[in-house]
Amino acid sequence: MKLRFTQFFLTLTLILASLGVCAQVQVSGTIVDDAGTGLPGVNVLVVGTSTGTVTDLDGNFTVTAPADAILRLSYIGFEAQEVAIEGQSIINVTLASDANLIDEVVVVGYGSQSRESVTGAISSVSGEALTELTTPNLGEALQGRLAGVQVTNSGAPGASPEIQVRGIGSISFGSGPLIVVDGFPAAGGLNQFDSRDVESITVLKDASSTAVYGSRASNGVLLVTTKSGGKNQPIKMSLETTVGVQIQRQRYDVMNTDQYLRYAEIMTGMPLARNLDEIAPGTNLAYRDIDTDWQGALFQDGLMTQNSLHISGGSDRSSFFSSFGYFQQEGVIVGGGYERFNFRFNSKHDISENGKFRFGQTLVLVNDERQNEPGNVFRDAVQGIPYLPVRNPNNIGGFNGANQGLDSADPRNPILSALLFDNENRDFRTLGTAFLDYDILEGLTATVLFGANYNVGRNYRRNPIFQSTTDNILNSITEERGTGYSPLYRGQLTYDKILGNHTINATVVAEQQEGYGYFTSVSGDRTDNLDVVNGAGNINGTSSRSKTVLRSLLARATYGLMGRYLFTFSVRRDQSSIFAPGNQTEIFPAGAIAWRISEEPFMQNTAVSTLKLRASYGRTGSIGIGPYEFQAPVIQAFGPVVGGNSPVVSAFINDLANGDLSWELTDMLNIGADIGFLNNRLNFSVEYYDREVNNLILDVPLPPSFGPDGTRQNVGAMRNTGLEFQGQYFSNRQQEFKWEVSANLSRNTNEVLRLAVEDGEILLGQQVGQPYTADLPPTITRPGDPVFSFYGFETNGLFQTQSEIADLPEQENAQPGDVRFVDQNGDNVIDNLDRVILGNYLPDFIYGVNLAAQWRNFDARVFLQGSQGNDVYNGFRSMLFQTTRLFNGSPDRLDGWTPQNTSTDVPRIALEDNNRNRRMSDRFLEDGSYLRMKNITIGYRIPFGGNSAVSNLRFYVSAQNLFTITNYSGLDPEIGRVTQGLVGFDDGRYPQAKTFLFGAQVGF
């Protein structure tokens, strides 16, 4: 009996001891940041188990765990910590922020989210990165920064770049993204916003992110967030000024006077009619002794400067940010230029003492002026006759020109065009929002917002009286004014709550945006050189107006479980007045899921800091047409004179109406992954997407006997698929020498799926460098191939003998020395059936690399950007080889084929080109790949003591577009423009210049 009692006692002791080891305790606490503010949504995980929770809005948590367990605390933007419980019931922790980590909060449509809660494909770039480049355009500052975003620039002052997010989204209409500035959709172009006012730009790329903008989001969304002041901050003032020069030293090689005269004699078989021994007006030289460098006269070293003043601050209940900016760019072509003034004021205020009732506003005023280049002055400079001087003081206007009877060529004097002609755009824009927030309940906020976008634009064109090749005997003036007004009304409810292991964020929005447009144009001629239409003759005028209304309802919900499993669903209903009644409404749903694998217990104590898998699918739209375009417009025309002195006014319908037109619709699948190592100092993001666009709006031709030319229908479809990669590494911030590197790479492939037109193809564009021929358009869009593919003839050298020509009847007009075109179908005839796809403008991939380093008070940045595998049709080079007019051009033409020079690849010099040697072919199709040193900056910051009035002083030098590595023979391989199928065509675009800058930043 005694033995049994002893055994029972020992067994009970062991059980109690075991229970003591596994005893559960309830642990509570608060997790705060460096400033003592509670952090909501921090993941609290019991290491080695699946037990965990997240902190509430004030950073509080409660969890039950073994008394000897370890808690792991993780939150994006802060260093993760592990804390031993050791029997404690209260644990308060301060998480240290880590500047190496990616931004903890990102802006999304109609709100913001923590980075860890994002389920879609969203990329962002900070305002600091945007201001590394001195540029008039935010779009240019985005180039090469983000995967999936392709930006193609023009060097023209004030010109807007082409921006595409995940490829081309429409055949007939633009493919630019929706631009949302401080919550205002369709805010206008990016060239009127100062990059130094921007806090960040977020790009929404997949349908689950963009579907909240519904019918306008097929081509992606750019969310621009401007800066704001902080509460309880003293007034701060900062001034930054940058001044520099733009240089364009590259030139096309053209013939000098001696070469030009030899070429003229070869082409015409006789010397020029002009007496070249005569003294040219305004010079002391005979014509043959003049050798004018027209390109040198056209190009200049252009001044560029950007200046900005920022003032910000805040009390315990209010904050504000204001700025004044001035940007001026002369450009590298004389006569051009761009100038912009801007003012911004943003503020936020707590109206009630408890902070539940808040008011805020944003306001920007912009006035800019741009002097456009009249015509293609660059083309005229290349074709200019080298023995003619630029100026002639005996002519009205003071410029020289060719003599049609003596010079056998009549290129316009480009300096005359650049300096005498006026072509000026002036725009004034004001964009503002005002909102009220009210916290109805804990976590439930109501917002009312009103916004307005008001724009007045003026285009002024004037051709004065002058003498030149063709005299202008009348002073012609055209003035156009356009006014746009777009009010926005929005009501929004947002619910954001943490309930134990559950996080819920829900948004409901009702919104209406209207658009009013007014346009007036008047023109006339004067016999004097006054610059107003008043008093002119032959006055003509026109005017128009339009109105659109877009009404929208939106609901979105994001749900998170234990910080690991995330779900987002949204639906938007849009009703647009642009379409016919009965066809004005469309629904745009989307959904996304994400799994934060790195927060699972089995992933603890591994080298992986972050691992998240994401998948989304959704539908977005593109309106694709303008107001009233579903109707059949009545066109007015003047007919013949019948029984009097006035022509008969007639009216006709050129296109049939189609009340069934509706949105172009885009369905997109996106699969992505985010992974980080070394406490997220090394992180990567990979995306795959499949984007199919249906209901493409196309012009469908009708038989000629029908009468009208055609009608617009929803008849096409195409697909974009792609891969995106983005990576980043930060060194240890505690080291004296700190550095970071980031890179991105994007690949997009395009395929047309179907077209409901008679021949299953669309031929678009005008042949570059020669007159348009309807049977030889340079691009083709057809099922199975990329949109706007280059379409023409393959070549196979030059004919050497007449017998070779006899074998191809269709080239019977050819002569030895002409181009041999390939007979693709073997029918022994060269005709339009022998055209093939020669290439396309789409690159294999685009990329960007950014390097930054800091040592003591020195800092440096290097930014490279490039494109690989895209084709460019060098239409400008084609023009340099034309021989049907006595224009200047490439000196290689002197190496043209002759019976004594048969080893050349340059066709014979022929005044009559019966073989059409310059027809669209692979002769002028080139590889447009390039790597560009986009920016290099070196700066030095002067340190100041704590009592100094100056808080910051930094000087820097910068070089932009320093060099470009490319095999392209033109001035600039970066060719854009998606207009009438001419994308990827170099027709003499304004080249991008090298820019050298010096800047200073001072803060008080």
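**View 1. Ser570 of β26 and Ala590 of β27 are bridge partners.** This is a predicted model. β27 covers residues 585–596. β26 and β27 run antiparallel and are joined by 11 bridges.

**View 2. Strand β25 pairs with β26 in the antiparallel sense.** β25 spans residues 537–561, and its pairing with β26 extends over 12 bridges. Thr558 has Thr568 of β26 as its bridge partner. Three residues lie between the two strands of this hairpin. Met562 takes a positive phi there, near 55°.

**View 3. The side chains of β26 alternate along residues 565–576.** In a regular strand, side chains alternate between the two faces of the sheet. On one face of β26, Leu566, Thr568, Ser570, Arg572, Asp574 and Ser576 are buried. Tyr565, Phe567, Phe569, Val571, Arg573 and Gln575 point to the other face and are not buried.

**View 4. Arg72 is buried but has no salt bridge.** Arg72 sits in strand β5, residues 70–74. Its nearest side chain of opposite charge is Glu82, 4.1 Å away. A salt bridge requires the charged atoms to be within 4 Å, so this pair does not count. The Arg72 side chain does make a polar contact with the side chain of Gln604, at 3.1 Å. Beyond its neighbours within four places in sequence, Arg72 is in contact with residues including Asn43, Val44, Leu45, Ala80 and Glu599.

**View 5. The whole protein chain has 10 helices and 49 strands.** Of its 1004 residues, 52% are buried. The accessible surface comes to about 43100 Å², and carbon and sulfur atoms hold 54% of that. Among contacts with a separation of 6 or more, 69% link residues 24 or more positions apart.

Note on methods: Residues are numbered from 1 along each chain as its sequence is written. This is a predicted model: local features need pLDDT of at least 70, side-chain atom pairs count only at pLDDT 80 or more; totals for chains, interfaces and linings use all residues. Side-chain values use heavy atoms; hydrogens and water are left out. Helices (H or I, at least four residues) and strands (E, at least two) are DSSP runs, numbered from the N terminus. Buried means under 20% relative accessible area, exposed over 50%, partly exposed in between (1.4 Å probe, protein chains only). Lys and Arg count as positive and Asp and Glu as negative; His and the chain ends are not counted. A polar contact is a pair of N or O atoms within 3.5 Å; within protein, one must be able to donate a hydrogen and the other to accept it, and residues adjacent in sequence count only if both atoms are side-chain atoms. Contact means heavy atoms within 4.5 Å. Accessible areas come from the Shrake-Rupley method with a 1.4 Å probe; for residues, only the protein chains shown count as cover. Two strands pair if DSSP finds at least two bridges between them.
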